[in-house]
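Visitor: I am new to this structure and would like to be guided through it. May we look at it together?

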Amino acid sequence: MTQTARPTIEAVAAAQAAKVKIAFNRCIPESESLAEALREAGHEATVMRCSHLLTRAPKADARWLKLNSQIYWTHYVVRVGDRAIDLTRRQFFPDAPQPFIQDWDDLLAEWDDVTERRNWAKELYL
């Protein structure tokens, strides 16, 4: 009996990252898509909501810079174990690798508040 090896987290993230054409304001759908692909490949994955960016982002997309202070910025990434995967980081840091994978503790140091994404609409009707 042969057993098929499941795709690595890095391979799934790279495949999903290759599909991302626009980073600005696409973090929810891109993170949801990545999390689903990771789950289908047999990995536990959770979409996380991040708010109040602490790391200075002076080269962020002009639309973010025009909006307001970084304390009002919100972003979504995928947590897989002790790592965070970000497919739309380039909206804040244009020179970031794609995909951007960082240690979970490093993500927590960058954002003031990180929580699991809640599907409020779904919960309202349960």
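Visitor: Among contacts between residues at least 6 apart in sequence, what percentage join residues at least 24 apart?
Guide: This is a predicted model, in which local features need pLDDT of at least 70, side-chain atom pairs count only at pLDDT 80 or more, and totals for chains, interfaces and linings use all residues. Residues are numbered from 1 along each chain as its sequence is written, and side-chain values use heavy atoms, with hydrogens and water left out. A contact means heavy atoms within 4.5 Å. Among contacts in the protein chain between residues at least 6 apart, the share that joins residues at least 24 apart is 62%.

Visitor: In what pattern do helices and strands follow one another along the sequence?
Guide: Helices (H or I, at least four residues) and strands (E, at least two) are DSSP runs, numbered from the N terminus. The protein chain has five helices and five strands. Read along the sequence, they give the pattern α-α-β-α-β-β-β-α-β-α.

Visitor: Which strands stand at the edges of the sheet?
Guide: Two strands count as paired if DSSP finds at least two bridges between them. The open sheet has five strands in the order β4-β3-β2-β1-β5, and the pairing is antiparallel. Two of these strands have a single partner each, so one side of each is left without a neighbour in the sheet; they are β4 (100-103) and β5 (111-116).

Visitor: How many bridges join β1 to β2?
Guide: Strands of a sheet pair through backbone hydrogen bonds, either parallel or antiparallel. Here β1 and β2 run antiparallel, and Val-47 stands opposite Val-78 in β2. On the other pairing of β1, with β5, there are five bridges, whereas the number joining β1 to β2 is six.

Visitor: Which residue in the hairpin of β2 and β3 takes a positive phi?
Guide: β2 and β3 pair in the antiparallel sense over three bridges, and Val-80 has Arg-83 in β3 as its bridge partner. The hairpin has two residues between the strands. The residue with a positive phi, near 60 degrees, is Gly-81.

Visitor: At about what angle does helix α2 run to β2?
Guide: Axes are lines fitted to C-alpha atoms, for helices over the stretch in contact, and angles run from 0 to 180 degrees between N-to-C directions. Helix α1 (residues 9-17) lies across β2 (74-80), β3 and β4, at about 15 degrees to β3. Helix α2 (residues 27-40) lies across β1 (46-53), β2 and β3, and its angle to β2 is about 10 degrees.

Visitor: Is Glu-30 buried or exposed?
Guide: Buried means under 20% relative accessible area, exposed over 50%, and partly exposed in between (1.4 Å probe, protein chains only). A salt bridge is a side-chain nitrogen of Lys or Arg within 4 Å of a carboxyl oxygen of Asp or Glu, and Glu-30 forms one with Arg-26, the closest N and O atoms being 3.5 Å apart. Arg-26 has 34% relative accessibility and is therefore partly exposed. Glu-30 has 12%, so Glu-30 counts as buried.

Visitor: Which residue forms a salt bridge with Glu-36?
Guide: The whole structure holds seven salt bridges. In this one, both residues lie in helix α2, three residues apart, about one turn of the helix. Glu-36 is partly exposed, with a relative accessible area of 38%. The closest N and O atoms are 3.6 Å apart, and the partner is Arg-39.
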